[in-house]
Amino acid sequence: MDRRLVIKNAGIVGILAAGAAPAVQAQGANVRWRMASSFPKSLDTIFGAADTIAKKVGEMSGGKFTISTHAAGELMPALGIVDGVQNGTVECGHTCAYYYFGKDDTFALGCAVPFSLNSRQMTAWMYEGNGLTLMREFYKDYNIVNFPAGNTGSQMGGWYRKEIKSVKDIQGLKFRVGGFAGKVITRMGGVPTSLPGGEIYQALEKGTIDAAEWVGPYDDQKLGFNKVAPYYYYPGWWEGGPQVDLFVNDKAYAGLSPENKAILETACAYAHVEMQAKYDAKNPLSLKQLVGAGTKVLPFPNDVMNLAFKESMALYKELDASNPKWKKVYDDMSAFRRDQNLWFRFTEMRFDQFMQAQKL
């Protein structure tokens, strides 16, 4: 663009008021991306993070970098995000990494594995530990650059058609559970199945499955699980702090300007914080409403928790011996977890225990 022409058309006053940046910005080509999601639009919390990313990218770029968001099934199946991003069918996708453990168990470490990090610890490992570096190194084999883009916080243990009184009740239980945790459920004698959020209600209603977990009270109430299963258990020991990611095709990312790369990273970080804030703000009221409607909220029996922990640790030892990629990431994460648990024991845990015992 001829700068003299800009000055002639806009006038000296306009150029001085706007500065040089608008003229430089106008020279760049507009960027138009599509984002596929693993989630239905009805979930304003988890799908909403995709909309938040797109909104912030548009705002910060002055409309020159835009991303259209597409719910599960619109562009590709809910669990097809990795293939879609890897192949360049879409520039990016919003999903949970543990959905893809069938490709490599290491995927699960980017989201959540049983008895792992809570949400704050996961964020600390990603941003201040080695988590983001190690996962990006792993994702290179799939042409993916990832960005933390949400966390639900600790989840509930799901909805059950029948009461769980002991480990015997896990035997033969047909349980919809997210991703990698199914490996532990299998070792406990259960029968895991993976279903997208939009398909769970019908399967639970028809008795195709005996139990199902999703996230927590706010989302679960929206999906209506309390209407077809009366028992609501806690905690979701397989998801202490599950991270949701934006997966970006590496070539698409490389094609962005430095400014747009910074914009995308910042938008994801904003969505990362906002998602958990929404869950923390909305879950309490929904839990009260569910209890008021007759839901029975119960803790898992101790023998269930103990067996789940035992089988999880045994599984991790097996994976350490068989999968070098897993071992590299898990060794780092488990060391980080050890130090975090030591610290939280003296601060968060004691404070939370005291406060929750008070009548406020």
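**View 1. The largest pocket of this predicted model has a volume of about 1100 Å³.** The structure shown is a prediction. The pocket has 23 lining residues, and those closest to its centre are Asn-118, Ser-154, Gly-240, Met-349 and Asp-352. Three helices each supply at least two lining residues: H6 (119–127), H14 (324–346) and H15 (348–356). H15 gives the largest share, with five residues. By class, the pocket lining holds 11 polar, seven nonpolar and five charged residues.

**View 2. An aromatic pair links distant parts of the chain.** The whole structure contains 28 aromatic pairs. One of them joins Phe-107 and Tyr-139 in a tilted arrangement, 5.6 Å centre to centre with 45° between the planes. Phe-107 lies in the loop between strand S3 (92–95) and H6, while Tyr-139 belongs to helix H7 (residues 131–139); the two are 32 residues apart. Phe-107 is buried, at 0% relative accessible area. Tyr-139 is also buried, with a relative accessible area of 0%. Trp-237 and Trp-238 form an edge-to-face pair, because their planes stand at 85°, with ring centres 4.7 Å apart. Both Trp-237 and Trp-238 are buried.

**View 3. Eight residues form one aromatic cluster: Tyr-98, Tyr-99, Tyr-100, Phe-107, Phe-138, Tyr-139, Tyr-142 and Phe-247.** Phe-107 and Tyr-139, the tilted pair of View 2, are both members of this cluster. Tyr-98 and Tyr-99 belong to the cluster too, and they return in View 6 among the residues closest to the centre of the largest cavity.

**View 4. Two charged side chains sit over aromatic rings.** The charged end of Arg-136 is placed over the ring of Phe-147, 4.7 Å from the ring centre. Lys-261 has its charged end over the ring of Tyr-253, at 5.0 Å from the centre of that ring.

**View 5. Six strands make an open sheet with mixed pairing.** The strand order is S7-S6-S8-S5-S9-S11. Strand S7 (191–193) and S11 are the edge strands; each has a single partner strand, so one side of each lacks a neighbour in the sheet. At the S7 edge, strand S6 (residues 174–176) pairs with S7 in the parallel sense over three bridges. Phe-175 has Pro-192 in S7 as its bridge partner. Further along the order, strand S5 (residues 158–160) and strand S9 (residues 231–234) run antiparallel, joined by three bridges. Here Tyr-160 stands opposite Tyr-231 in S9. At the other edge, S9 and strand S11 (residues 296–299) pair in the parallel sense, with four bridges. Tyr-231 appears again, this time opposite Lys-296 in S11.

**View 6. The largest cavity has a volume of about 90 Å³.** Its lining counts 15 residues; closest to the cavity centre are Tyr-98, Tyr-99, Gln-155, Val-215 and Glu-239. By class, the lining of this cavity has nine nonpolar, three polar and three charged residues.

**View 7. The second largest cavity holds about 40 Å³ of space.** There are two cavities of 30 Å³ or more in the model. The lining of the second largest cavity consists of Tyr-160, Ile-170, Leu-173, Phe-175, Ile-185, Met-188, Trp-237, Trp-238, Phe-300 and Val-304. This lining has 10 nonpolar residues, no polar and no charged. Several lining residues have appeared in earlier views. Tyr-160 faces Tyr-231 in the sheet, and Phe-175 is the bridge partner of Pro-192. Trp-237 and Trp-238 are the buried residues of the edge-to-face pair.

How values were computed
Residues numbered from 1 in each chain as written. Predicted model: local features only at pLDDT ≥ 70, side-chain atom pairs only at ≥ 80, totals over all residues. Heavy atoms only, no water. 1 Å grid on protein atoms, 1.4 Å probe; cavity = no way out; pocket = protein on both sides within 12 Å on 5 of 7 lines; lining within 4 Å. Points joined across faces, edges and corners; volume = space filled by probe spheres on them. Nonpolar A, V, L, I, M, F, W, Y, C, P; charged D, E, K, R; others polar. Phe/Tyr/Trp six-rings, centres within 6.5 Å; stacked < 30°, edge-to-face > 60°. Buried < 20%, exposed > 50% of the residue type's maximum accessible area, 1.4 Å probe, protein only. Lys NZ or Arg CZ within 6 Å of the ring centre and 35° of its normal. Pairing = 2+ DSSP bridges.
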